[in-house]
Protein chains: 4
Amino acid sequence: MTNSQLTLVQIDNYGPWTVTPEPRREMDLQTLQSRLFADLAQFVGSRDGYVFFTRFDNMVAITNGLDADDHRLLQETIGNRYPVTISLGTGIDASPVEALEAATAGLQHAGSAQDGDRREVLSGEFLAEPERTSSDVQIAHFDVNDATGKYTDQLNEFDSFIQIEQGYATLMRYLREEYGALSFFVGGDNIISICPAMDGDDYRDAIDHVEAEAGVELKVGVGVASNPHVAGMDAKHALETCRHEGTVVELSRPVDEVGITTD
Amino acid sequence: MTNSQLTLVQIDNYGPWTVTPEPRREMDLQTLQSRLFADLAQFVGSRDGYVFFTRFDNMVAITNGLDADDHRLLQETIGNRYPVTISLGTGIDASPVEALEAATAGLQHAGSAQDGDRREVLSGEFLAEPERTSSDVQIAHFDVNDATGKYTDQLNEFDSFIQIEQGYATLMRYLREEYGALSFFVGGDNIISICPAMDGDDYRDAIDHVEAEAGVELKVGVGVASNPHVAGMDAKHALETCRHEGTVVELSRPVDEVGITTD
Amino acid sequence: MTNSQLTLVQIDNYGPWTVTPEPRREMDLQTLQSRLFADLAQFVGSRDGYVFFTRFDNMVAITNGLDADDHRLLQETIGNRYPVTISLGTGIDASPVEALEAATAGLQHAGSAQDGDRREVLSGEFLAEPERTSSDVQIAHFDVNDATGKYTDQLNEFDSFIQIEQGYATLMRYLREEYGALSFFVGGDNIISICPAMDGDDYRDAIDHVEAEAGVELKVGVGVASNPHVAGMDAKHALETCRHEGTVVELSRPVDEVGITTD
Amino acid sequence: MTNSQLTLVQIDNYGPWTVTPEPRREMDLQTLQSRLFADLAQFVGSRDGYVFFTRFDNMVAITNGLDADDHRLLQETIGNRYPVTISLGTGIDASPVEALEAATAGLQHAGSAQDGDRREVLSGEFLAEPERTSSDVQIAHFDVNDATGKYTDQLNEFDSFIQIEQGYATLMRYLREEYGALSFFVGGDNIISICPAMDGDDYRDAIDHVEAEAGVELKVGVGVASNPHVAGMDAKHALETCRHEGTVVELSRPVDEVGITTD
C-alpha cells in the first residue's frame, strides 16, 4: 500500500494582488508564477519530492521526505524573495486525492485563498521517518506514442496541443475517478501521475480508455519507492524500456517486489 | 480585421536531450522549462508581445511589434545561457491559427523537432512597421465566475483543477473550430485567447457553449490594439468592469471604434 | 569625444528592508540581489546597454540606446516581480564620472536611499536619437595575463582573489582620478571600464601603473561605438588579438577612425 | 576552536567557453554567472551553508552541514540546467584559509581550470556528523558606519563604491594575513568573514587597522555555531546591537560561552 504525503502550495491573496492598485502586465505575472514554481521545483526536488505547476496560484506537491522544518523554511525563503507569500497545507493518506483533500482542508479552515488577512498558514501532518516504507510512493510516467511523428512534425502547434490536452483531460478524470490518482501534464507529451497501489492491468485499462475516448495512444512506466524522485526515476527508466521494447506498460522491478495490488 | 504575427518557439532536439546519456531529474527539467519560459515572457513581454507556455518544449507567442532582429537576438541570448537551443518560426494572418500554421510549417520544412542536426532555425515573415494598424491584435481575457468561492475554498485542489481544465478544454476547442482563435490557460482561473475580429455575440455564444458543455461559467473582457500588451491590458480592464458591473462580456472602447465584425 | 549616458539603479529603502521585522537569511538576500541584477543585465543588455553589479543595492549602468520609456518600463517590471522597488537616475556627459555624478544627484535630491517614503524616482535626461554618434561610448576590456597559469592553478582561491582585487582596486582608482573613467570587475580576471576618449598611450600608462603598484600584469582591448554592446564586443575582439599577437594594448579599428585623443 | 569545511566551486573550462566559437554577449555572461551563483546560494543556503560569489568562475563556500551526497547532487543539478559544469573541491581545517588551500589543491591535482578534458571533479573530505561541534563555524559580519549618510547620499555612486572597496581590500588582506580568515563583500556596505577562533580584541585591532589604513570606519557582529547560517544570523543580530547601542564590536552570547581565544 502507498502512503502519500501531499502538500498544497497556495499563494496568499493572489487574485486581488494581481489587480491592485491596477491590473499588472500579464507577462510579468507569467514570469513571477513560473519562477516561483521553478524555485519550488528546486527546493522540493533536491529533497527528492515532486511539485507540479497545476494552476500556478495553487500548486500540488508530493513531499514524502520533507518534514515540518523543510516546509517552514520553504515558506520563509519564498517570503524573503517574492512580493507574495505562500500557505502550505499537508495531508497523508494511501489515496493521493484523500491526502490532498486533507491538505486543502487545512488551508480552507484557516481562511479563504483571498482573505486579506490570511498569510503563511502552515498546517497538517508530516510522515515520521520510522513510518516510511519503500512502497509509500507510486509514480506513473505516461507519454504519447510517437508524438513527434504524429503531431509535432505534422500539425500546427495548437492542433498538436489540442490533441495532447484531450489525452490529458481524459486520463486525469479517469484516474481520479477510478483510483483517486492525481495526474499532471509536465510538458511535451508527458503526464506524471501520483498513484495509489495499482497493477499492470489497471494501467492497461486506463490506456485503453484514453485511446477509446480521446483517440490518443499512451504508454507508461511505473515506479515505487519511499520518495517521489526514486519512484519517478524508475518510472522514466521503465518508460525507456517501453520505447525500446515496443511495450505499452512497464513496471519497474520494485513494483513487482513489493506486491502491489489494487485497493 | 486583425493581423496576427504568431511565433512558434521550439526547443531543438529536446526529447532526446532529456534522456541522454540517461533520464535527467524531473524537477531539474521542470525548472529549466519554467525558467526558459520566464525569460521568453520577459523578452517578448517587454517588447509588448505575449508568449504562452503551451507544451514548454513548444511555446506559442503573438509577436506583433517584434521584428527579425528581435527574434535573432532572442535566439542568441537563449543559446548563450541554456544547455539547449531554440528554433523560431513566424507567420502572419488575419486568422491566428493560420498564422501559427505558417509559423509551424517554417520549422517543419527545416527539419524534425528531434532532428539531431537541426538547430536554431529562424524562419518566416515579420510585419513591417508601415503595415501595422490599431486593430491588428484582438485579445480576450476570460475568467471563471467566483472561482474562489465555488472551487478553491470548497473542493480539494485537484477537483478544482479538473473543473477549470474542463472549462478550458471546451473553450479552446470551440474557439479554434469556430473562429481559428487560440486559447491558453495562464494560471488561476484565467484563459487568454488570441482572436480574430469577433463581436459581443460571438463571445456570448462561446460562454454559453462552455456553460452547457462543461458546467463552467465564464466572463470575458476584450481589447484590440496594434500590439498584444495594450490589447491585453484593455481586456483586463474590461474584465474588471464585468467584475464590478456584474456583466458577462465587456469590449473595451477601441473594439467598438474599429468596428470589429465577425468573419 | 564620448557622450556617456549613465544610469544609477538604487533599490529603495533596502537597508531597513533587510532587517525588518528581523534580519533575513543571508543567502536569500544574496539570491534576491543576484537575480535582480541578472534581470537588469537582460533588460539593459538586450537593448545594447551594459549594467554592472557594483554594490548590488546601487548598480551602475551605461544606457546609451535606452530612453525614458525604457527606464520607466524597467522600473515597472521590477516593481511587479520583487519585494523591493528601484529608483533610476540618469545623467549625460563626455566624462563618465560626471555623467554618474548627475545621475546620482537626481536621486539624492529626491530623498535619501533609506527614506521610508521615497520610492521609484525616475529622474534625469536621456540622449535624443538625433544627437547620438558612433563615438559616444568607449569601452575598455582588461584581463590579467595568464591568470589561470599564475594564480588559479597555483594558489588557493582566496589568494588568487586577493591578487585580482589588488589589480582591480589600483586600476579603478587610477582611471577614475586620471580620466574620470569607471571600472568594474566582471568576474574571472576581467575588468570592464567605461572611458572617455583615451588613446593607446593612456592605456599603456594605466597598465604600467598597475604593474608597478600592485604587481599585476594587465592587457586591454578597446572599442568605440554608439552603444555599449557594440563597443564592448569590439573591445572583446581586440582583447583576443592581444591574446594571439602577444600585445598589451589593442584598439579596435573604429577607435582609430574616430580619431580619439585624450582630453 | 573552529573547524571550517570549505568548498571551492569552479566552473569547468569557462574562459575558453566564453570565447568559443566567438566572444559571447557580455550581459549574457553576467546573467549566467549571477543566476548560477543564485542557485548555489539557494542550494547551499537552504542547507544552512554560505556561499560567496568571489570571482564567479571560482566561488568560495563554507559548507559545514553539507555532505558528499549534497555536493554530488549540487553538481548534477547544475549540469542538468546550465551550458557549463562545475567542479567541487572540499577541505577541512581550523584555519579557513588552510581548509580552502586543501579544497583548491584537490581541484588543481585533477587538472587545470582550463583543461578541455577536466569536468565535474568531486574531491575532498567532509565533516562526519559525530565530529561536528557548536564552535565549528565563526562568522563575522562587518558594515560601514553610517554608509548612507557619509557616502550614498553625498557622493556619486562610484566614489562611494571606491570608499567601500578600499575598506574591503584593506580588511580582506589584514584578516587573511593575521588570522587566515576569508572576507567577502556581500553588497551595500557589508562584508562577511569566515574566521578562526578570534576574540573581541582581535576584531578591535582589525577595525582600527582599517580606519588607519583606509579611513573607513567599521563595526562588527560575531557569531559562532555548528553551521554558517546560525553563526551568521547571530552575527547579524549582534550587528543590530552595535547599531542600537553605538558599540563597535559585539560578540553573540555563544561566542563567549564556548570560550573562544585567539590561536
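This passage describes the pairing of chains A and B in a predicted model, and then the surroundings of one serine of chain A, Ser183(A).

Superposition places chain B on chain A with an RMSD of 0.0 Å, by a turn of 180 degrees combined with a shift of 0.0 Å along the axis; the two copies are thus related as by a two-fold rotation axis. The same surface serves both copies, in that 100% of the contact residues of chain B recur in chain A. Among the residues of chain B, the one that comes closest to the rotation axis is Ser34(B), whose C-alpha lies at 2.7 Å.

The interface brings 77 residues of chain B into contact with 78 residues of chain A, and the area buried between the two chains is about 6400 Å², with carbon and sulfur atoms giving 57% of it. Ten salt bridges are found across the interface of chain B and chain A, including that between Asp48(B) and Arg25(A), in which the closest N and O atoms are 3.0 Å apart. Polar contacts across this interface join 46 residue pairs. On the side of chain B that touches chain A, the largest share, 15 residues, comes from helix α2 (residues 26-45) of chain B, and the residues of that side divide into 31 nonpolar, 27 polar and 19 charged.

Within chain A, Ser183(A) is found in strand β7 (residues 182-187) and is buried, with a relative accessible area of 0%. The side chain of Ser183(A) makes a polar contact with that of Ser193(A) at 2.8 Å. Beyond its neighbours within four places in sequence, Ser183(A) is in contact with residues including Tyr168(A), Leu171(A), Ile191(A) and, from the partner chain, Phe158(B).

Conventions
Residues are numbered from 1 along each chain as its sequence is written. Chains are lettered from A and ligands numbered from 1 in the order in which they are written. This is a predicted model: local features need pLDDT of at least 70, side-chain atom pairs count only at pLDDT 80 or more; totals for chains, interfaces and linings use all residues. Side-chain values use heavy atoms; hydrogens and water are left out. Helices (H or I, at least four residues) and strands (E, at least two) are DSSP runs, numbered from the N terminus. Buried means under 20% relative accessible area, exposed over 50%, partly exposed in between (1.4 Å probe, protein chains only). A polar contact is a pair of N or O atoms within 3.5 Å; within protein, one must be able to donate a hydrogen and the other to accept it, and residues adjacent in sequence count only if both atoms are side-chain atoms. Contact means heavy atoms within 4.5 Å. Copies are superposed by least squares on the C-alpha atoms of residues with pLDDT of at least 70 in both. Buried area is the accessible area (1.4 Å probe) that two parts lose on being put together, summed over both. A salt bridge is a side-chain nitrogen of Lys or Arg within 4 Å of a carboxyl oxygen of Asp or Glu. Ala, Val, Leu, Ile, Met, Phe, Trp, Tyr, Cys and Pro count as nonpolar, Asp, Glu, Lys and Arg as charged, and the others, Gly among them, as polar.
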